[in-house]
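Biologist: Could you pull up the model so that we can go through it together? I would like to talk about the cysteines and then the DNA.

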Amino acid sequence: MNYLTSSFYHQDAVIVAKELLGALLIHKIGDTVVAGYIVETEAYCSDDAACHAYKGRKTLRNATLFGPVAHAYVYVSYGIHFCINIVSRHPSIIAGGVLIRALQPVYGIEFMQKMRNTTQLKNLTSGPGKLTQALGITLQHNGTDLLNNSGLFLAQGIEIAESDIIASPRIGISQAKEHLWRFYVKGNPFVSK
DNA sequence: CACCCGATTATCT
DNA sequence: GATAATCGGGTGT
């Protein structure tokens, strides 16, 4: 198992978002390993009006985005879902992260089916709120160091060819829609929508 | 398949 | 009071 190392996260979030495609997001809960290949991401930068860090470090919620890279930024979406970002930014930038939007289930599929209350593979991890529920990721993981053997981490997975990466506008935002900072694996059935 | 809407809370106006 | 990096269930075509 090859873990992604610190230097990987010290790059522009847009680069990290692209390069995270194909990586394994892993959550170990006791003896259970729950994991999937990342097949859809979105980049958010501090000079980007759609980013939670855009207005500065004002509230407790977005503090993690300003903290060390390779930590998990988890927030509550629409009051009821959790979404996970990987804190990553170029050293010249004050804050930034990559939203994980979809996974292809690999390990712990039975666990995911219990958590999601469905056996339908396509519905387990095909969206940012779905995949956190499937992997058992909650607000308590906000600020978790992904390099520190915490049970939540990233590892090298499968290689995605450049020609199989599609860039498109980010989903669900009302500002800075012009940036093509959503990336997904062409033709992968687990991409959201 | 398309739209519409309710759930539920941190944050902003 | 409104909006938001969402989801699932409802209704209609």
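Modeller: One term before we begin: buried means under 20% relative accessible area. This is a predicted model, and by that cut-off Cys 83 is buried, with a relative accessible area of 4%.

Biologist: How many disulfides does the structure hold?

Modeller: The structure holds zero disulfides.

Biologist: Why is there no bond for Cys 83?

Modeller: The closest cysteine sulfur to that of Cys 83 belongs to Cys 51 and is 13 Å away, which is too far for a bond, given that a disulfide needs the two sulfur atoms within 2.5 Å.

Biologist: And Cys 45, is that one buried or exposed?

Modeller: Cys 45 counts as buried, at 8% relative accessibility, and its sulfur is 7.0 Å from the closest cysteine sulfur, again in Cys 51, so this pair is too far apart for a bond.

Biologist: Switching to the DNA, which residues come nearest to strand C?

Modeller: Of the 19 residues around DNA strand C, the nearest are Tyr 75, His 81, Asn 85, Arg 116 and Ser 174. Of the strand's atoms that come within 4 Å of the protein, 54% belong to sugar and phosphate.

Biologist: What does His 81 lie close to on the strand?

Modeller: A polar side-chain atom of His 81 lies 2.7 Å from a base oxygen of DNA strand C, while the side chain of His 52 has an N or O atom 3.1 Å from a base nitrogen of that strand.

Biologist: Which element supplies the largest share of that surface?

Modeller: That is α5, with three residues.

Conventions: Residues numbered from 1 in each chain as written. Chains lettered and ligands numbered in written order. Predicted model: local features only at pLDDT ≥ 70, side-chain atom pairs only at ≥ 80, totals over all residues. Heavy atoms only, no water. Buried < 20%, exposed > 50% of the residue type's maximum accessible area, 1.4 Å probe, protein only. Near = heavy atom within 4 Å. Polar contact = N/O pair within 3.5 Å; in protein donor to acceptor, adjacent residues only side chain to side chain. Helix = DSSP H or I, 4+ residues; strand = E, 2+ residues; numbered from the N terminus.
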